[in-house]
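Let's take a friendly walk through a model, from its open spaces to its enclosed ones and on to a few side chains. Keep the viewer open as you read.

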Amino acid sequence: MTYLIRHPLEVLALTGQHLVLTFGSLAIALIIALPLGVVVARNRRFGGPTLAVLGVIYTIPSLALLAFIVPILGLGTLSAIVALVAYAQMILVRNIAAGLRGIDPAQLDAATGLGFTALQRLVRVEFPQALPTIVGGIRIATVSLIAVATVASYIHAGGLGDLLFDGIHQDYPQKIIAGSIAAAVLAIAADLLLRSTERLVRR
Amino acid sequence: MASSDRGAALSLRGVGVSYPGASVAAVHDVDLEVAAGELAVFLGPSGCGKSTLLRTINRLIEPTAGSIAIDGVDGTAYDAVTLRRGIGYVIQAVGLFPHLTISANIGVVPSLLGWGKARIAARVDELLALVRLEPARYRARMPRELSGGEQQRVGVARALAAEPRLLLMDEPFGAVDAIVRTSLQDEIRAIHRELGTTIVFVTHDTDEALRIADRIVVMNAGTIVQNDVPLRVLAAPANDIVRGLVGIDAASRRFAEARPLLAREPT
């Protein structure tokens with residue numbers, strides 16, 4: 001705890017980096033996952049193989065995933081973001097597709113029959129009802145990304161992982177403890193926040 | 001004929017629907033005229049093509065042959081979305097949107113059409129009264145708080161919201177219990193009389209068809225086997241298929257109708 005108490009600003013700055021890395025990646029991941037999830041939900045022939053590929057990416061250990069990307073994009077934040085975005089796809093796409101597939105087909109028939117365009121139906125009927133499942137996916141993805149982002153420090157992407165790796169290299173356990181606590185607090189806070197959001201949209 | 005300009009005339013010419021890979025057509029060469037303001041019932045066993053035929057009218061299914069005109073204008077003259085917004089649509093499973101209040105459900109087509117809030121609110125109250133749900137009590141409720149019969153009343157109100165001149169109903173009362181079904185049938189007759197909307201109604205229930213129809217279109221194996229007023233379908237079934245549909249049901253119906261008459265006789 002001593003490092004944390006003596007250097008709160010350093011820890012705070014690294015936490016800020018960590019947040020930017022996590023939520024920046026999450027935002028990009030969502031922009032890709034939303035249309036992908038819609039297509040996966042609609043088209044089973046495309047959906048199955050897509051989820052299988054994303055599943056394979058998801059099972060690659062995070063350090064290995066980062067290692068694969070470094071030769072292509074080099075060290076740094078960009079590589080880390082690409083890895084985090086790829087890693088989050090599985091969780092996000094699976095939940096978006098599950099949320100959309102869970103909707104009563106009678107509602108879809110009624111909506112189309114009453115004159116909704118495909119987009120209006122998606123925005124007004126399907127997404128609002130899939131939202132709790134989608135937010136659930138965002139929650140799991142966020143917590144996972146906070147964890148994976150600590151490893152991304154290894155390829156010079158910054159964040160709280162810096163404290164962990166410095167602590168190891170400098171044989172300075174207080175740094176490791178500070179980094180661990182900060183990362184854990186971040187993950188728990190994100191989880192709680194998104195859980196309450198999930199409850200809010202479920203009503 | 002009670003009605004007038006408030007109902008659309010419907011004309012089907014040589015309409016066919018074949019699905020790729022299927023050896024027989026789901027609907028084959030159907031010619032049919034439904035007059036403005038008429039309540040026509042498609043009656044037949046499941047799989048006879050009656051729902052498929054209904055769904056070609058609002059182009060949920062595109063016919064593979066023939067043409068469909070509403071008031072003389074071919075349905076393909078509009079884009080499908082525009083066409084559907086002008087046609088009411090009620091289905092057996094109701095399909096209310098569970099995340100929206102009753103008033104938002106009823107106001108959904110007017111809102112797609114860009115009506116103002118005040119106009120939609122006034123129309124919602126008018127429709128709730130029409131389907132006999134007290135506006136003040138039901139407006140703000142959610143669909144899950146309503147019984148099956150009440151939900152279908154809302155379904156009917158939703159379909160009528162933008163004052164369509166044609167209303168399509170696909171086995172709308174098939175999922176509610178018998179007593180509620182009878183009162184809903186009476187009410188759809190009353191609404192039909194009041195509004196003059198042309199209604200095409202699909203059912204496999206002969207009693208229901210006899211009870212509500214101006215005209216019964218009996219279907220079997222994708223074609224029309226008889227198209228006549230209820231009394232003629234009952235009195236002069238065109239063939240064994242129609243006879244089978246109206247036979248035993250008709251006898252029990254005649255009995256049910258005779259009973260109140262007998263009871264009344266002494267007075």
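The largest pocket has a lining of 16 residues, and nearest its centre lie I70(B), Y78(B), L83(B), G86(B) and I87(B). Its volume is about 280 Å³. Helix α2 of chain B (residues 80-85) gives the largest share of that lining, three residues. By character, the lining of this pocket splits into ten nonpolar, two polar and four charged residues.

Before going on, please note that this is a predicted model, in which local features need pLDDT of at least 70 and side-chain atom pairs count only at pLDDT 80 or more, while totals for chains, interfaces and linings use all residues. Residues are numbered from 1 along each chain as its sequence is written, chains are lettered from A and ligands numbered from 1 in the order in which they are written, and side-chain values use heavy atoms, with hydrogens and water left out.

Some terms will help here. On a 1 Å grid over the protein atoms alone, a pocket is an open set of points with protein on both sides within 12 Å along at least five of seven lines, a cavity is a set of points where a 1.4 Å probe fits but cannot get out, and lining residues have an atom within 4 Å of a point. Grid points are joined across faces, edges and corners, and a volume is the space filled by probe spheres set on the points. Helices (H or I, at least four residues) and strands (E, at least two) are DSSP runs numbered from the N terminus. Nonpolar covers Ala, Val, Leu, Ile, Met, Phe, Trp, Tyr, Cys and Pro, charged covers Asp, Glu, Lys and Arg, and polar covers the others, Gly among them.

How many cavities of 30 Å³ or more are there? The count comes to two. The largest cavity holds about 50 Å³ of space, and V131(B), R153(B), V156(B), F173(B), L184(B), E187(B), I188(B) and I191(B) line it. Helix α8(B) supplies the largest share of this lining, four residues, and α7 (148-160) of chain B is also among the elements that supply at least two. Six of the lining residues of the largest cavity are nonpolar and two are charged, with no polar ones.

The second largest cavity has about 40 Å³ of space. Its lining includes L114(A) as well as R84(B), R85(B), I87(B) and G88(B). Here α2, β6 (87-91) and α7 of chain B each give at least two residues. This lining divides into six nonpolar, one polar and three charged residues. I87(B) is thus a residue to look at twice: I87(B) is among those nearest the centre of the largest pocket, and I87(B) also lines the second largest cavity.

Back in helix α8 of chain B (residues 178-195), find D186(B). D186(B) counts as partly exposed because its relative accessibility is 39%, where buried means under 20% relative accessible area, exposed over 50% and partly exposed in between (1.4 Å probe, protein chains only). The side chain of D186(B) makes a polar contact of 3.1 Å with that of R211(B). Such a contact is a pair of N or O atoms within 3.5 Å; within protein, one must be able to donate a hydrogen and the other to accept it, and residues adjacent in sequence count only if both atoms are side-chain atoms.

By contrast, L12(B), in strand β1 (residues 10-17) of chain B, is buried, at 0% relative accessibility. The C-alpha atoms of L12(B) and V34(B) lie 8.6 Å apart, with their positions 22 residues apart in sequence.Now for the rings. Over all chains there are five aromatic pairs, one of them the tilted pair of Y154(A) and F165(A), at 5.3 Å centre to centre and 50 degrees between the planes. Rings of Phe, Tyr and Trp (its six-membered ring) pair if their centres lie within 6.5 Å, and planes under 30 degrees apart count as stacked, over 60 as edge-to-face and the rest as tilted. Y154(A) lies in the loop between α7 (118-152) and α8 (161-169) of chain A and F165(A) in helix α8 of chain A, so the pair ties together parts eleven residues apart in sequence.

That loop between α7 and α8 of chain A also holds H156(A), which has a positive phi of about 65 degrees although it is not a glycine. H156(A) is exposed, with a relative accessible area of 56%.
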